[in-house]
Amino acid sequence: DYNKDNKRRVLLKLSGEMFGGGAVGLDVQVLTRVSAEIKAAVNQGVQVAIVVGGGNFFRGVELQNAGMDRARADYMGMLGTVINAVALQDFLEHAGVPSRVQTAINMAQIAEPYIPLRSIRHLEKGRVVIFGAGAGMPYFSTDTVSAQRALELRCDEILVGKNGVDGVYTADPNKDPSAKKLDFLTYQDALAKGLRVVDAAAFSMCMDNNMNMRIFGMGEEGAVTRALLGEKIGTVVST
Ligand code: UDP
């Protein structure tokens, strides 16, 4: 039985940009704040699984543009996500939230391997599960892995936390003052308009399997808690 307690279970995607506070490395203040916000939701019984990005360290495409072999560059990108996963675990534990890291590339001294039924067991026990190393495969992104994990772990929805924007707009709100925020969007529209807030592979996996996604801004104090608790912030993308 994949959700025997029938509790709200969500998959939160945190980008590398968030971890770095916009720079390379780790932003301690952001990590402290986000951990406290996750704790508030966990304390209310929400089961939280987290996929972490790694853009604050390396992005495969960028290294490829600089002349590296793409697959090797992608493995470097994946290793960056593991650093973020271990950091988040530390800040969560400091905040008093039990957590486990599971990685798609085995590294037994650092983390458990990804074992879906074991992830579910952790979630049922109130532990936050943090997924590192993406899918363990080059040419994938952590957005796509978020869709896959949310589906396999029978999550109710995917929550995509964004820096700088608080949802999906009709145009780029930083360039066009008449841009309006959308409360709702279909996957078909998102794909047809070529929206890049989340990558196309993730959108289409969610579309094919009927998984809802909420894209929200992490800028405002308390936004992560509100999203985890199911408040209607940001933009919902669905079939
Ligand atoms: N990556 C990969 N396979 C995966 C997940 C990630 O190859 O399954 C690599 C890829 O190079 C990517 C990097 O890891 O650029 C960091 O992940 P991502 O760009 O998704 O992080 P974010 O943009 O969310 O910070």
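In this predicted model, Tyr169 belongs to strand 7, which covers residues 168-169. Once neighbours within four places in sequence are set aside, the contacts of Tyr169 are Ala179, Lys180, Lys181 and Leu182. Two of these partners, Lys181 and Leu182, carry the numbers that delimit strand 8 (181-182). Tyr169 has 18 C-beta neighbours inside 10 Å and is therefore classed as partly exposed; the buried class would require 20 or more such neighbours.

Asp172 occupies the loop that links strand 7 to strand 8. Its surroundings hold 9 C-beta neighbours inside 10 Å, so Asp172 counts as exposed, the limit for that class being 12 or fewer.

Both residues also appear in an annotation. An unreviewed UniProt entry lists Tyr169 and Asp172 under "binding site", together with Lys13, Leu14, Ser15, Gly16, Gly55, Arg59 and Asn163. Do these listed positions gather at one spot or lie apart? They span 160 residues in sequence, and the two C-alpha atoms farthest from each other are separated by 25.3 Å, so the listed residues do not all gather at one spot.

The surroundings of the ligand can be described from the model itself. The shell around the ligand comprises 22 residues, and the closest of them are Gly16, Gly53, Gly60, Gly77 and Gly134. Of these, Gly16 is also among the positions that UniProt lists for "binding site". By residue class, the shell contains twelve polar, six nonpolar and four charged residues, with glycine counted as polar.

Which helices each supply at least two residues of this shell? They are helix 1 (16-20), helix 4 (70-94) and helix 6 (142-152). Helix 4 provides the largest share, with five residues.

These local features sit within a protein of nine helices and eleven strands. Taken along the principal axes, its C-alpha atoms fill a box of roughly 50 × 45 × 35 Å. For 239 residues, a compact globule would be expected to have a radius of gyration near 18 Å; the value for this protein is 17 Å, which agrees with that expectation.

Burial and contacts complete the description. Of the 239 residues, 46% count as buried. Among contacts with a separation of 6 or more, 70% join residues that are 24 or more positions apart in the sequence.

Notes:
Residues numbered from 1 in each chain as written. Predicted model: local features only at pLDDT ≥ 70, side-chain atom pairs only at ≥ 80, totals over all residues. Near = placed C-beta within 6 Å. Helix = DSSP H or I, 4+ residues; strand = E, 2+ residues; numbered from the N terminus. UniProt positions renumbered as here; feature names shortened; annotations may be inferred. Contact = placed C-beta atoms within 7 Å. Rg over C-alpha atoms; globule rule 2.2 N^0.38 Å.
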